[in-house]
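Reader: I would like a close look at a single part of this model, namely the sheet and how its strands are put together. Please state the cut-offs behind each term as you go.

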Amino acid sequence: MAPIHLLAIVHGMWGNPSHMAELKRIMLETKSEPSPDGVELRLIVAENNRDDSTYDGIDWGGERVAEEIFAEVTRLKDEYNHTVVKFSITGYSLGGLVSRYVVGILHQRGFFNNVEPVNFNTIATPHLGLPRYPSFLSTLFARLGPKFLSRTGEQFYCVDTWSTTNRALLDVMADPDMVFYQTLKRFQSLRIYANAINDRTVPYITAAIELTDPFAEHSSNGLEIELDKTYTPLIASYRLPDRPPTPAPKPTMFSKGWFRQKSGNFALPPFLQFRFPLNIVFYVLLPALVPVFISLVVFRLGRAAHSSRSRIKLLEKENASNHDRLIHMLADLEYEVENAVADIIDDPGDTSGENTMPSSVKGKVTENHEPAPVLTALQQSMARSLNKLPLEKKMAFLNIGHNSHATIISRDLKRFEIHRLGEGIIRHWADSFVL
C-alpha cells in the first residue's frame with residue numbers, strides 16, 4: 001500500500017492524449033522518486049473527452065474527465081490497495097477551462113474531504129474566453145464560432161446561457177461565490193503559463209488573465225526581455241526603456257523592405273512550406289486550392305457541430321433526472337441566492353465590467369505589430385475577479401514565424417521539430433510541481 005499523488009492532464013480543443021506526450025514523459029522523469037514522506041506520483045491523461053467530443057462544451061467535457069478521475073482512484077484502490085491522498089490537475093488550452101470545471105465537480109461530490117488539492121496549472125488557456133480584434137475576420141469568427149464549434153464555441157465567446165439566471169458558464173466559473181472559484185482557492189499552488197507573443201489561437205491577455213498586453217508592440221516599443229537560462233523560452237524579466245525609441249520610417253510601397261514586412265505578417269504552417277520546385281507548384285495552384293480548402297473546413301466543422309448538438313440532446317435527455325450533475329446542484333443554489341438578493345439589493349452597482357532562442361531580446365523599432373484585442377465588459381469583470389486568486393503567472397517568449405500555441409507544450413515532435421522549443425516551459429512546470 002502506498003499513498004498516491006494523482007495528477008490529471010487534460011488536452012485541448014480537437015485534442016487527444018498524444019498531444020500531451022511530452023508533458024507526461026518529462027513529468028514522470030522528473031518525479032520518478034517518491035517524496036520524503038513516501039508519496040508516489042501517478043499520472044492519467046484524459047481519454048474520453050477527445051477529438052469531436054471537445055465540441056460538446058466545457059461542462060460535458062468536465063463531467064467526462066471527472067468520471068475518469070473517480071474511476072482511476074477506484075482502480076488504484078482495488079488493484080493495488082493504493083490510496084490517493086493528494087490531487088493535481090493541468091489543462092492545456094480548452095483543457096484548462098475543463099479543469100476549472102472538473103475541480104468544481106470534485107469538490108461538490110466530496111472528493112477533497114479526504115484528498116489534498118495541491119497543484120492547479122493551465123497552459124495557454126483562454127480563461128476569459130476568446131477576445132475579439134478590430135478586424136473583419138475576427139468579427140466573422142466571433143459570429144461563426146458559436147455555430148461551427150457547437151456548445152464549446154458558444155462558451156468560448158460567452159454567448160451561452162449556462163445557468164438558470166442566463167449567465168455564461170465562464171462568468172459563473174469566475175464568480176467568487178461559486179464552487180469553481182472557491183475550489184481553486186484550496187489549491188496549494190496556482191500557476192498559469194501563457195505565450196507572450198505569436199499565439200494566434202489563445203492570445204496573451206486571455207491566457208495570462210490581463211487587461212493590457214505589454215508584449216503587443218514588443219517589436220516597436222524597445223521592450224527588453226530577459227529569458228530564463230535554465231528554462232528558455234520562459235521570460236525571467238522584461239522592461240520598457242526609459243525613453244521610447246524613435247520609430248523607424250515606413251518603407252516605400254512595393255519596395256524590398258515593404259515586401260519583407262508584408263511577408264513577415266504571413267507565414268505558412270511548416271507542413272505547407274515545400275522546397276523548390278514544389279513550392280513554386282504550390283503557389284501557382286494556391287488560388288484554386290484556397291476555396292477548396294475553405295469549403296472542406298466549413299463542411300468538416302459544420303458536420304462535427306451538428307453531431308455534437310445531437311449528442312448533447314441525447315446526453316441531456318439521459319441525465320435529466322441525474323441531480324448529481326453540478327449544473328443541477330448550482331441551479332438550486334442560484335435560485336435561493338437570487339431570491340435572497342432580490343429582497344435586500346436595490347442598486348446592483350457597476351457589473352460591466354530559427355530553432356534556437358536567445359537569452360535576451362530587445363525589441364527592434366519597426367512598424368510591424370498586431371492589432372490589440374478588445375475585451376468586453378464581461379471579460380474585464382472576469383479578469384478582475386480571477387486576479388484576486390493567488391495566481392503565479394509565467395510567460396513564454398516564442399519568437400517564431402508561426403503560431404506558438406502548439407509549440408509551448410511540444411505538441412507534435414514527430415511532425416514539427418520546432419515544437420521542441422517549448423521544452424523549457426514543460427521542464428519548468430515539472431520542476432515546480434509540488435509532490
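Author: Leu7 stands opposite Leu43 in β2, and Leu7 also stands opposite Ser88 in β3. This is a predicted model, in which local features need pLDDT of at least 70 and side-chain atom pairs count only at pLDDT 80 or more, while totals for chains, interfaces and linings use all residues. Residues are numbered from 1 along each chain as its sequence is written, and side-chain values use heavy atoms, with hydrogens and water left out.

Strands (E, at least two residues) and helices (H or I, at least four) are DSSP runs numbered from the N terminus, and two strands pair if DSSP finds at least two bridges between them. Six bridges join β1 to the parallel strand β2, whereas β1 and β3 pair in the parallel sense over eight bridges. Seven of the eight residues of β1 are buried (under 20% relative accessible area, 1.4 Å probe, protein chains only), so β1 is largely enclosed by the rest of the structure.

The whole open sheet has six strands with parallel pairing, in the order β2-β1-β3-β4-β5-β9. Its edge strands, each pairing on one side only, are β2 (40–45) and β9 (391–396), and the twist from one strand to the next averages 20°. At the β9 edge, strand β5 (residues 189–195) and β9 pair in the parallel sense over six bridges, with Leu190 opposite Leu391 in β9. Helix α1 (residues 21–30) packs on the sheet, touching β1 (3–10), β2, β3 (83–92) and β4 (116–123), where contact means heavy atoms within 4.5 Å. The direction of α1 makes about 175° with that of β2; axes are lines fitted to C-alpha atoms, for helices over the stretch in contact, and angles run from 0 to 180 degrees between N-to-C directions.

Key: Buried means under 20% relative accessible area, exposed over 50%, partly exposed in between (1.4 Å probe, protein chains only).
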